[in-house]
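Me: Got a minute to go through this one with me? I'd like to start with contacts, then move on to the fold.

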Amino acid sequence: MKMKPRQQGIALVEVLVAVVILAIGLLGTIGLQARAYSALNEATQRGEATIATEKLIGMMTVDQANLGDYALAAGGDPGPRLADWYQETRAAIPGSSAEVEVNPVAGTGRTEVVISIGWQGRGAADFSNTHRVVTYISQSK
């Protein structure tokens, strides 16, 4: 039996529709993979920032007599007590910035320490990601 002329090529149209649907699915998968990679990178940087802040807090707790020497203004040069930590942090988080505020709390034996580490997210022009920790160090007796 001979096919009618208007039905010829319908299989080709079905294949083309299937290819378009497959292409859309593959593009979605690629986009999802890119977002997952970006999120993993963000989590890695945040983890490194957490480790760096905890390390600095530990160093400051042990060296309470010199807490003021750990202060670092945004964009400033670190002092000798902070230099190694600063270089290690910048090596772990490329392109990062750090700021350390040391504020004695009046009338108490405590010192407020605010550590902020910022880094650029992928494709961002500024320090769009910041890890900020506020802690208090009490003078040991």
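Reply: Sure. Contact here means heavy atoms within 4.5 Å. Keep in mind that this is a predicted model.

Me: OK, so what does threonine 53 touch, leaving out residues up to four places away in sequence?

Reply: Threonine 53 touches Ile115, Ile117, His131 and Val133.

Me: And where is threonine 53 placed?

Reply: Threonine 53 is in helix H1.

Me: Is threonine 53 buried or exposed, and why?

Reply: Threonine 53 counts as buried because its relative accessible area is 0%, and buried means under 20%.

Me: Now the sheet. Which strands form it, and in what order?

Reply: Three strands make an open sheet, ordered S1-S2-S3, with antiparallel pairing. S1 and S3 (129–138) are the edge strands, each pairing on one side only. From one strand to the next, the twist averages 15°.

Me: How many bridges join S1 to S2?

Reply: Eight bridges join S1 (residues 97–104) to S2 (residues 110–119). One of the pairs puts glutamate 101 opposite valine 114 in S2. The two strands form a hairpin with five residues between them, and glycine 107 in the turn has a positive phi of about 80°.

Me: What about S2 and S3, how many bridges there?

Reply: S2 and S3 pair over 10 bridges, also in the antiparallel sense. Arginine 110 has serine 138 in S3 as its bridge partner.

Me: Which helices pack on the sheet?

Reply: Helix H1 (residues 10–62) packs on it, touching S1, S2 and S3, and its direction makes about 20° with that of S3. Helix H2 (residues 80–92) packs on it too, touching S1 and S2, with its direction at about 145° to that of S1.

Me: How many residues are in the largest nonpolar core?

Reply: The largest nonpolar core has 21 residues. Those with the most contacts inside it are Leu56, Met60, Leu82, Trp85, Val100, Ile115 and Ile117. H1, H2, S1, S2 and S3 each supply at least two residues of this core, and the largest share, five residues, comes from H1.

Me: Isoleucine 115 again! What does it touch?

Reply: Beyond residues up to four places away in sequence, isoleucine 115 touches Thr53, Leu56, Ile57, Trp85, Glu99, Val100, His131, Arg132 and Val133.

Me: Last topic, rings. What lies over the face of tyrosine 136?

Reply: Arginine 110 does, at 4.6 Å from the ring centre.

Me: And how many aromatic pairs are there?

Reply: The count is zero, taking ring centres within 6.5 Å as a pair.

Conventions
Residues numbered from 1 in each chain as written. Predicted model: local features only at pLDDT ≥ 70, side-chain atom pairs only at ≥ 80, totals over all residues. Heavy atoms only, no water. Pairing = 2+ DSSP bridges. Helix = DSSP H or I, 4+ residues; strand = E, 2+ residues; numbered from the N terminus. Axes fitted to C-alpha atoms, helices over the stretch in contact; angles between N-to-C directions. Buried < 20%, exposed > 50% of the residue type's maximum accessible area, 1.4 Å probe, protein only. Phe/Tyr/Trp six-rings, centres within 6.5 Å; stacked < 30°, edge-to-face > 60°. Lys NZ or Arg CZ within 6 Å of the ring centre and 35° of its normal. Core = buried A, V, L, I, M, F, W, Y, C linked by side-chain atoms within 4.5 Å.
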